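Trainee: I would like a close look at the cysteines in this model, and then at what surrounds them in the fold. Please keep it to what can be checked on the coordinates.

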Amino acid sequence: MAETKASLFSPYKMGQCNLSHRVVLAPMTRCRAVGAMPNSALGEYYEQRATDGGFLITEGTMISPYSAGFPHVPGIFNTEQVEAWKPVVHKVRAKGAVIFCQLWHVGRASHPAELQPAGAAPISSTDKPISKRWRVLLPNGKYEIYPNPRKLDAHELPQIVHQYRQSAINAIEAGFDGIEIHGAHGYLLDQFMKDGINERTDEYGGSLQNRCKLIIQVVQAVVSAIGADRVGVRISPAIDHLDAMDSNPRSLGLAVIDRLNKLQSDCGSKLAYLHITQPRYTAYGQTESGRPGSEDEEAQLLRTWRNAYQGTFICSGGFTRELGIQAVAEGDADLVAYGRLFISNPDLVERLKLNAPLNKYVRATFYTHDPVVGYTDYPFLQSDAGKPATISRL
């Protein structure tokens with residue numbers, strides 16, 4: 001009998017998790033967790049997007065009071081936050097879905113004004129600020145330039161590793177099926193990996209081995225605490241978001257993958273997955289030389305990493321229905337994560353299956369703090385009565 005070809009809508013076994021389809025809710029900051037506390041609005045938001053056998057990854061979730069880069073993002077570093085996450089997770093799991101908590105430290109992508117306790121300087125691998133090309137969103141709704149960060153000493157890094165480890169333990173206590181380590185998009189772990197940022201001369205700088213050291217230490221610590229099959233890792237070697245440039249993204253990605261493969265071999269268990277962002281996530285995709293790359297070059301780069309990694313591979317970044325179907329069918333990904341389309345289409349999985357029209361997202365409400373508008377008020381394809389709903393954002 002001929003082997004059935006994989007489809008975006010076919011089942012997939014991710015570690016101990018049996019998924020009914022391969023459409024993943026990508027992690028996205030939404031700024032609705034007022035006071036860093038998960039709340040009922042978050043519960044409704046994730047419940048709306050949960051399907052039986054579906055897979056959701058939460059927004060970036062702080063591992064310490066010093067890890068915030070946006071106002072009103074949730075944390076997972078204290079008992080109150082753990083308890084507040086429990087009803088959110090319960091709503092998702094009650095619908096038969098799998099949910100991982102993304103662990104997040106933004107590093108230098110922060111600001112002393114209200115985002116850092118006591119006005120502390122953000123921390124990083126460097127003392128260089130993010131360029132004026134980028135702006136940080138403050139609680140008052142204004143955007144400001146990024147300040148100079150404080151360069152971490154090597155002796156401080158074990159504490160960062162511990163924060164990831166403890167937050168992973170907290171996430172399991174809150175009921176999550178697992179966690180994703182956010183090592184992408186110019187945030188703290190990426191600031192150590194990219195040679196366009198990391199100019200250190202100690203054991204955490206210079207060579208690829210040294211620049212990959214911190215993220216691998218974090219992965220090892222988290223795996224030892226909760227098990228490899230509950231741990232996903234996200235990286236973005238070819239993304240220049242927040243000035244996160246590397247002179248050789250292909251080699252950087254392969255270096256991280258080689259170490260993750262070795263870690264899996266050493267512990268005798270696969271990680272849940274590796275999640276890599278497609279360069280088209282921004283308008284500044286990079287080739288190995290650092291020059292803007294074509295779609296074909298970007299696809300080949302992603303394919304190189306996919307072929308090198310020994311485990312479940314998730315890709316994200318600007319995927320349409322057609323591109324997602326193609327990625328799975330051609331073996332370029334096991335799962336495809338959707339972000340902006342999932343914001344405006346809580347029933348995205350059904351819409352993609354039916355090839356139904358999609359609601360348009362309203363970018364102006366991505367980072368507001370309203371618990372409903374632009375968050376849980378996007379219409380479903382069908383009303384509760386089973387009749388087509390009015391779709392106001394087409």
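How many disulfides does the structure hold?

Mentor: The model is a predicted one, and it holds zero disulfides. For C31, which is in no disulfide, the nearest cysteine sulfur is that of C101, 16 Å away. C31 counts as buried because its relative accessibility is 0%, where the cut-off is under 20%. C101 is likewise in no disulfide; the sulfur of C17 is its nearest cysteine sulfur, at 15 Å. With a relative accessibility of 0%, C101 counts as buried too.

C315 is worth following into its strand. Strand β13 covers residues 313-316; F313 and C315 point one way from it, I314 and S316 point the other way, and all are buried. On one pairing, β13 runs parallel to strand β12 (residues 273-277) over four bridges, and C315 is the bridge partner of I276. β13 also pairs in the parallel sense with strand β14 (residues 335-338), over three bridges. There C315 stands opposite V336. Between β13 and β14 the chain passes through helix α10 (residues 321-329), in a β-α-β crossover that is right-handed.

Next, the nonpolar packing. The largest nonpolar core has 83 residues, and I179 and L271 touch the most other members. Helix α7 (residues 213-226) gives the most to this core, nine residues. Beyond its neighbours within four places in sequence, L271 is in contact with a list of residues that includes V219, V223, V231, V233, L260, L263 and Y309. D229 and Q264 are also among the contacts of L271. Another core lies apart from it, of 18 residues, including F70, A109, L137 and Y187.

Two backbone angles deserve a check. Most residues other than glycine have a negative phi. E114 has a phi near 75°, a positive value in a residue that is not glycine. D243, also not a glycine, has a positive phi of about 65°. Their settings can be put side by side: E114 lies in helix α3 and is exposed, because its relative accessible area is 64%, whereas D243 sits in the loop between β11 (231-235) and α8 (249-267) and is buried, because its relative accessible area is 17%.

The loop that leads into α3 contains H111, which falls between β5 (98-104) and α3 (112-115). H111 is buried, at 15% relative accessible area. Its side chain reaches the backbone nitrogen of A113 at 3.0 Å. Not counting residues up to four places away in sequence, H111 touches Q116, P122, V136, L138, E144, I145 and P147. H111 and A121 are ten residues apart in sequence, with 7.1 Å between their C-alpha atoms.

A side chain reaches a backbone nitrogen at helix α1 as well. At the start of α1, a side-chain oxygen of N39 comes to within 3.0 Å of the backbone nitrogen of A41. The helix spans residues 40-48, and its buried residues are A41, L42, G43, Y45, Y46 and Q48. Residues three or four places apart in an α-helix point the same way, so the spacing of buried positions can be read against that rule. The buried residues of α1 are covered by elements that include β3 (23-25), β4 (55-62), α2 (79-94) and α11 (340-344).

Key:
Residues are numbered from 1 along each chain as its sequence is written. This is a predicted model: local features need pLDDT of at least 70, side-chain atom pairs count only at pLDDT 80 or more; totals for chains, interfaces and linings use all residues. Side-chain values use heavy atoms; hydrogens and water are left out. Buried means under 20% relative accessible area, exposed over 50%, partly exposed in between (1.4 Å probe, protein chains only). Helices (H or I, at least four residues) and strands (E, at least two) are DSSP runs, numbered from the N terminus. Contact means heavy atoms within 4.5 Å. A polar contact is a pair of N or O atoms within 3.5 Å; within protein, one must be able to donate a hydrogen and the other to accept it, and residues adjacent in sequence count only if both atoms are side-chain atoms. A nonpolar core is a set of buried Ala, Val, Leu, Ile, Met, Phe, Trp, Tyr and Cys residues joined through side-chain atoms within 4.5 Å. A disulfide is a pair of cysteine sulfur atoms within 2.5 Å. Two strands pair if DSSP finds at least two bridges between them. A crossover is right-handed if, with the strands pointing away from the viewer, the path from the first strand over the helix to the second runs clockwise.
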